[in-house]
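Student: I should like a close look at one part of this model, namely its aromatic side chains and what lies around them. Please treat the matter in one connected account.

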Amino acid sequence: MKVYWREHKTGQRLILDADTGQEEEIGGVRRTPRGFDALARTMGYDPGRAQKGFPTLDDAKAFVESFHPWDIFVGNASVEFDETVYPIPEEN
């Protein structure tokens with residue numbers, strides 16, 4: 001399994017690729033006039049996994065990654081974190 005960031009029209013999305021061709025969006029960062037907003041996916045309601053107003057994209061991404069949102073899907077399985085930021089996929 002692999003986790004990586006992908007460009008999105010408003011920022012970047014954190015993606016879990018389960019090696020089966022199925023992808024799951026597990027977090028995201030979006031650009032706003034006041035900075036960057038960040039959100040890590042969770043099961044249930046957890047307001048602590050979202051925060052607004054980060055000064056940089058890297059700060060917002062580090063916030064999302066700190067929650068290890070991929071653990072919801074993989075448990076103790078091994079996950080490769082790919083530092084590459086991939087472009088927006090082309091629609092067919």
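**Aromatic rings and their surroundings**

Tutor: In this predicted model, phenylalanine 81 is partly exposed, with a relative accessible area of 26%. The ring of phenylalanine 81 pairs with that of tryptophan 70: the centres are 5.9 Å apart and the planes meet at 55 degrees, so the pair is classed as tilted. A pair counts as edge-to-face only when its planes are over 60 degrees apart, and as stacked when they are under 30 degrees apart. This contact joins distant parts of the chain, since tryptophan 70 sits in the loop between helix H1 (57-66) and H2, while phenylalanine 81 belongs to strand E6, 11 residues apart. Tryptophan 70 has a relative accessibility of 9% and therefore counts as buried.

The count of aromatic pairs comes to 4. Another of them is formed by phenylalanine 63 and phenylalanine 67, whose ring centres are 5.0 Å apart and whose planes stand at 75 degrees, so this pair is edge-to-face. Phenylalanine 63, at 13% relative accessibility, is buried, whereas phenylalanine 67, at 25%, is partly exposed. Both residues belong to one aromatic cluster, which is formed by Phe54, Phe63 and Phe67.

A further phenylalanine contributes to the surface. Phenylalanine 73 lies in helix H2 (residues 71-74) and is partly exposed, with a relative accessible area of 33%. Because patches are made of residues with over 30% relative accessible area and no salt bridge, phenylalanine 73 at 33% passes the area cut-off. Together with Met43 and Ile72, Phe73 makes a nonpolar surface patch of about 280 Å².

Strand E6 also carries a charged contact. Aspartate 82 forms a salt bridge with lysine 2, and the closest N and O atoms are 3.9 Å apart. Here too distant parts of the chain are linked: aspartate 82 is in strand E6 (residues 80-86) and lysine 2 is in strand E1 (residues 2-8), 80 residues apart. Aspartate 82 is buried at 12% relative accessibility, while lysine 2 is partly exposed at 22%.

The salt bridges number 6. Among them is the one between glutamate 25 and arginine 13, with the closest N and O atoms 3.5 Å apart. This pair connects strand E3 (residues 23-32), which holds glutamate 25, with strand E2 (residues 11-17), which holds arginine 13. Glutamate 25 is partly exposed at 43% relative accessible area, and arginine 13 is buried at 17%.

Definitions and conventions: Residues are numbered from 1 along each chain as its sequence is written. This is a predicted model: local features need pLDDT of at least 70, side-chain atom pairs count only at pLDDT 80 or more; totals for chains, interfaces and linings use all residues. Side-chain values use heavy atoms; hydrogens and water are left out. Patches are made of residues with over 30% relative accessible area and no salt bridge: like charges are joined within 9 Å, nonpolar side chains (Val, Leu, Ile, Met, Phe, Trp, Tyr) within 5 Å. Accessible areas come from the Shrake-Rupley method with a 1.4 Å probe; for residues, only the protein chains shown count as cover. A salt bridge is a side-chain nitrogen of Lys or Arg within 4 Å of a carboxyl oxygen of Asp or Glu. Helices (H or I, at least four residues) and strands (E, at least two) are DSSP runs, numbered from the N terminus. Buried means under 20% relative accessible area, exposed over 50%, partly exposed in between (1.4 Å probe, protein chains only). Rings of Phe, Tyr and Trp (its six-membered ring) pair if their centres lie within 6.5 Å; planes under 30 degrees apart count as stacked, over 60 as edge-to-face and the rest as tilted.
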